Amino acid sequence: MPLALTLLAAVGYGLAWYRLSRRGHRWPARRAACMLAGSLCVGIALLPPLASHDDRFEVHVIQHLLLAMAAPAFLALSAPATLALRTLPRRARRALLRVLHSPAVSVLTAPATAVTLDLGGLYVLYLTGLYQATERDSVIHAAVHLHMFLAGCLLSWAVIGIDPIRRRPGTRGRLAALVIAAAGHDTLAKLMYAWMPPAGGGPAAGRQLEAELMYYGGTAIDVALAVIVMTQWYLAAGRALARTRRRSAVAGP
Amino acid sequence: MASSHLAGDVCDAAAKETRRSIWSGVLAGVGLVAFIDETVFHQLLHWHHFYGKSTPAVGLVSDGLFHAGGFIAMVAGLFLLADAHRRGGFVPKRWWGGLLLGAGGFQLYDGIVQHKLLGLHQIRYHVTLWPYDLTWNLIAAVMIAAGAALMTGRAGVTGSAMFRSDAGTAA
């Protein structure tokens with residue numbers, strides 16, 4: 001499912017980019033590169049060789065890092081909704097704008113909701129019997145992947161996204177959301193290390209290694225997200241500073 | 001802007017810049033201790049353990065918060081530092097004061113609340129513990145005292161040699 005969604009989004013993105021450049025408008029190539037990188041992360045996570053071994057827990061952890069954390073971050077930075085708003089026909093654009101500005105989307109992309117859905121899903125997955133159920137039932141398996149991906153997207157859009165959504169919190173709020181999400185992730189990795197239900201996921205020693213992989217891999221991505229949030233802040237503050245200096249230069253001493 | 005407001009504006013701006021430098025230092029200090037804790041004590045020396053068998057859940061939450069929060073604080077602190085330099089409003093004395101307060105405060109919290117009250121993990125295993133605990137918390141107390149000392153007295157803004165060609169004192 002995430003694979004089909006991403007493939008569709010990537011193709012649509014490419015078409016829209018082409019259309020925009022035919023009209024003579026520019027669209028930053030780095031955003032397109034982010035779309036490509038995000039799609040690659042999803043592809044690596046869900047296609048062989050990784051996918052053919054996802055009964056192994058370490059493969060599952062790598063999938064989790066790619067699918068729920070790295071891919072959504074790249075996709076959020078590719079600003080697909082902004083691109084769509086610039087290229088869709090007028091009626092479709094109005095409809096999209098109505099959706100983006102709807103109360104439902106505001107609630108979903110609020111950091112509190114995104115953090116709750118993201119962490120909640122992970123805690124339920126690893127600390128109840130759900131992970132073991134995914135090993136037996138392919139529908140549950142696919143649903144878990146889809147939830148991880150979508151919840152990761154919500155969180156990424158809330159924290160580092162550049163698409164126009166209403167009531168985006170300020171830098172402090174976004175950093176706070178990131179700290180809570182990262183802390184919840186770290187805590188969960190330690191809980192898994194300590195007492196993840198041992199029925200699935202191989203021998204205990206392996207599971208501990210995987211918990212550490214999740215802990216340190218998650219930290220690396222969270223630090224990268226913090227760098228992105230602060231870079232966005234630094235650039236915006238720099239623009240504001242330049243404006244103030246221009247204004248005071250014009251006004252004179 | 002009317003000239004009668006100018007003196008007040010200058011004062012406000014100076015106070016704002018001092019606050020910025022302090023917060024940048026505090027965040028970098030917390031991040032520094034989190035970073036040293038992780039690299040030196042967990043990874044290089046292997047004194048600290050990833051997980052202590054008797055750790056209660058509240059200890060894990062606290063540890064997760066400070067592990068993740070520490071690294072993110074470091075990132076935020078360094079960006080604030082770059083911003084202070086860009087504005088030409090960096091107050092080095094207050095920055096170092098903030099750094100020592102942040103580092104000492106976090107180290108004291110780690111040493112007393114996390115290691116002792118929450119039973120997270122000990123500084124080192126299979127040794128007589130109290131000299132380690134004493135040294136740990138003493139270093140924290142010294143950092144806090146030094147940081148507090150740097151918060152008093154006069155402090156000037158410094159133009160940074162790193163970022164500006166016309167480096168020099170500009171306060």
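A:Ala79 is buried, since 22 other C-beta atoms lie within 10 Å and the threshold for burial is 20 or more. The model described here is predicted.

**Two loops of chain A**

A:Ala79 lies in the loop that links H3 to helix H4 (80-87) of chain A. The phi angle of A:Ala79 is near 50 degrees, which is a positive value in a residue other than glycine. A second backbone feature involves A:Pro48 and A:Pro49, which are joined by a cis peptide bond with omega of about 5 degrees. A:Pro49 belongs to the loop between helix H2 (29-46) and H3 of chain A. The two backbone features are set out below.

| Residue | Backbone angle | Loop of chain A |
|---|---|---|
| A:Pro49 (cis bond with A:Pro48) | omega about 5 degrees | between H2 (29-46) and H3 |
| A:Ala79 | phi near 50 degrees | between H3 and H4 (80-87) |

**Packing of H3 against H9**

In chain A, helix H3 (residues 57-77) and helix H9 (residues 138-160) have axes that come within 8 Å and cross at roughly 40 degrees. H3(A) is therefore oblique to H9(A). The handedness of the crossing of H3(A) and H9(A) is right-handed.

On the H3(A) side, the contact is formed by A:His64, A:Leu67, A:Ala68, A:Met69, A:Pro72, A:Ala73, A:Leu75, A:Ala76 and A:Leu77. The residues they meet in H9(A) are A:His145, A:Met148, A:Phe149, A:Ala151, A:Gly152, A:Cys153, A:Leu155, A:Ser156, A:Trp157 and A:Ile160. By class, the residues of this contact of H3(A) with H9(A) comprise 15 nonpolar, four polar and no charged.

**The contact between chains A and B**

Chain A contributes 24 residues to the contact and chain B contributes 18 residues. On the side of chain A that touches chain B, the elements giving two or more residues are helix H10 (171-195) and helix H11 (204-251) of chain A. That side of chain A divides into 16 nonpolar, four polar and four charged residues. Charged residues thus appear on the side of chain A that touches chain B, whereas the contact of H3(A) with H9(A) has no charged residues.

**Chain B**

Chain B has four helices and zero strands, and its pattern along the sequence reads α-α-α-α. Of its 171 residues, 38% count as buried. Among the contacts in chain B between residues at least 6 apart in sequence, 86% connect residues at least 24 apart.

Key. Residues numbered from 1 in each chain as written. Chains lettered and ligands numbered in written order. Predicted model: local features only at pLDDT ≥ 70, side-chain atom pairs only at ≥ 80, totals over all residues. Axes fitted to C-alpha atoms, helices over the stretch in contact; angles between N-to-C directions. Parallel < 35°, antiparallel > 145°, perpendicular 65-115°, else oblique. Left-handed = near helix turned anticlockwise from the far one by under 90°. Contact = placed C-beta atoms within 7 Å. Nonpolar A, V, L, I, M, F, W, Y, C, P; charged D, E, K, R; others polar. Buried ≥ 20, exposed ≤ 12 C-beta atoms within 10 Å, placed from the backbone.
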